[in-house]
Amino acid sequence: MKIVRIDGGLGNQLFQYAFYCYLCDVSREKVYVDVNCFNPHQSRDMFSLFDIKPCPAPAGKVRYFHRNGIWHLLRPTDRLGITKPRYLWDRDLGSKDVKDIKNAYFRGYWQIGMYAEKEKERLTAECKPMTLLEHADEAHRNRNLELLKEIENTQSVGVHFRGGDYLENDAVYGGCCTKEYYQRALEMIRQEIPEAKFYFFTNDPVYLKNIGLKTEGHIVDLNDEEWGHLDLLLMSRCKHRIMANSSFSWWASWFHTEEDGMVLMPSMWERERKSDELRIRNWRLI
């Protein structure tokens, strides 16, 4: 038995689901998802936005992995190591092959591009960004459709700026998407695509203003926090993208399947982690 915990924002949920799909393909054991710890006040859940139908873990199976050590010592098969449970974090395993790990509860975000690429057929069938509009009210749907037409008919470049909570956790996320990173990325785009039109996406307009970029761009402010998932659709339909070190940003680029567009991403995903495991296809590191 394997259980993958689902929590966090929409981008991280998608990474967890890609990991779950990978485990389903390579494991002989039954694989479940645990959604009991999901916080609906933190983010929209992917199950309400996409046509995703994973196998939810029964409550008793989840409790099995959260029992204390004495309980497992009293259980003969656990004590003998036959069914010993393992509680594993993504930071402990990294990109190590997990298919042979048995009887485990997997916790973390599993931000590794390989899982999504290996499960591309299933993920693209179940997670279609255009379906996000189906869950929008008429006003948001119409406004986003209007901008979407413009994006699809220009040499659009989606530029993502992640502020907010990232600024409060500089020890982890700081130093990755600096002003210099964006300036260099914008210049690369301008050199190769003279007719480029820039669309700036951010969860923190004050942060974007404080960066002080000289490049003119359309600041996309159609969607507030409640409707922020619609930005995923808009970003994914831009012909080119400049990513932030954000899972939301990563999936917006992943959902764009045309290979002729430029995708630029920071060389450092976190202050102590390079982006190598997340770089796929023809994406370029800066």
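**Exercise 1. Glu-226 and its surroundings**

Task: Decide whether Glu-226 is buried or exposed, then say where it lies and which patch it belongs to.

Solution. Step 1: Glu-226 has a relative accessibility of 51%, so it counts as exposed, the cut-off for exposed being over 50%. The model is a predicted one, and this value is computed from it.

Step 2: Glu-226 is placed in the loop that runs between strand S7 (218–219) and helix H13 (230–237).

Step 3: On the surface there is a patch of negative charge in which Glu-226 gathers with Asp-137, Glu-138, Asp-224 and Glu-225.

**Exercise 2. From Thr-215 to helix H11**

Task: Find which side chain Thr-215 contacts, and describe the salt bridge between Glu-187 and Arg-190.

Solution. Step 1: Thr-215 sits in the loop between helix H12 (205–211) and S7. Its relative accessibility is 17%, and Thr-215 therefore counts as buried, since buried means under 20%.

Step 2: The side chain of Thr-215 is joined to that of Arg-190 by a polar contact of 2.6 Å.

Step 3: Arg-190 also meets Glu-187 in a salt bridge, with a distance of 3.0 Å from N to O. Both Glu-187 and Arg-190 belong to helix H11 (residues 179–192), where three residues, about one turn of the helix, separate them.

Step 4: Glu-187 is partly exposed at 33% relative accessibility. Arg-190 is likewise partly exposed, with a relative accessible area of 34%.

**Exercise 3. Salt bridges across the sequence**

Task: State how many salt bridges the model has, and show which parts of the chain are linked by the pairs Glu-29 with Lys-2 and Glu-192 with Arg-284.

Solution. Step 1: Side chains of opposite charge can pair when their charged atoms come close. Counting pairs with a side-chain nitrogen of Lys or Arg within 4 Å of a carboxyl oxygen of Asp or Glu gives twelve salt bridges.

Step 2: In the salt bridge of Glu-29 with Lys-2, the closest N and O atoms are 2.8 Å apart. This pair links distant parts of the chain, 27 residues apart: Glu-29 is in the loop between helix H1 (10–26) and strand S2 (31–34), and Lys-2 is in strand S1 (residues 2–5).

Step 3: Glu-29 is partly exposed, at 22% relative accessibility, whereas Lys-2 is buried, with a relative accessible area of 1%.

Step 4: Glu-192 and Arg-284 meet through their side chains in a salt bridge of 2.8 Å, N to O. Glu-192 is in helix H11 and Arg-284 in strand S12 (residues 284–285), so this pair ties together parts 92 residues apart in sequence.

Step 5: Glu-192 has a relative accessible area of 45% and is partly exposed. Arg-284 is partly exposed too, with a relative accessible area of 30%.

**Exercise 4. Positive phi**

Task: For Asn-103 and Arg-281, give the phi angle, the loop and the accessibility class.

Solution. Step 1: Most residues other than glycine have a negative phi.

Step 2: Asn-103 is not a glycine, yet its phi is positive, at about 50°. Asn-103 lies between helix H6 (90–93) and strand S4 (104–107), in a loop, and counts as buried because its relative accessibility is 10%.

Step 3: Arg-281, not a glycine either, has a positive phi of about 50°. The loop that holds Arg-281 is between strand S11 (273–274) and S12. At 24% relative accessibility, Arg-281 is partly exposed.

**Exercise 5. Separation in sequence and in space**

Task: For the pairs His-135 and Leu-49, Ser-246 and Cys-177, and Arg-5 and Cys-177, give both separations.

Solution. Step 1: His-135 and Leu-49 are 86 residues apart along the chain, with 7.0 Å between their C-alpha atoms. His-135 occupies the loop between helix H8 (120–126) and helix H9 (138–152) and is partly exposed, at 33% relative accessibility.

Step 2: For Ser-246 and Cys-177, the separation is 69 residues in sequence and 10.0 Å in space, C-alpha to C-alpha. Ser-246 is in the loop between strand S8 (240–242) and helix H14 (247–254). With a relative accessible area of 0%, Ser-246 is buried.

Step 3: Arg-5 and Cys-177 are 172 residues apart along the chain, and their C-alpha atoms are separated by 29 Å. Arg-5 is part of strand S1 and counts as buried, at 10% relative accessibility.

Notes. Residues numbered from 1 in each chain as written. Predicted model: local features only at pLDDT ≥ 70, side-chain atom pairs only at ≥ 80, totals over all residues. Heavy atoms only, no water. Patch = residues over 30% accessible without salt bridge, like charges linked within 9 Å, V, L, I, M, F, W, Y side chains within 5 Å. Areas by Shrake-Rupley, 256 points an atom, 1.4 Å probe, with all protein chains shown as cover. Lys, Arg positive; Asp, Glu negative; His and termini not counted. Charge placed at Lys NZ, Arg CZ, Asp CG, Glu CD. Helix = DSSP H or I, 4+ residues; strand = E, 2+ residues; numbered from the N terminus. Buried < 20%, exposed > 50% of the residue type's maximum accessible area, 1.4 Å probe, protein only. Polar contact = N/O pair within 3.5 Å; in protein donor to acceptor, adjacent residues only side chain to side chain.
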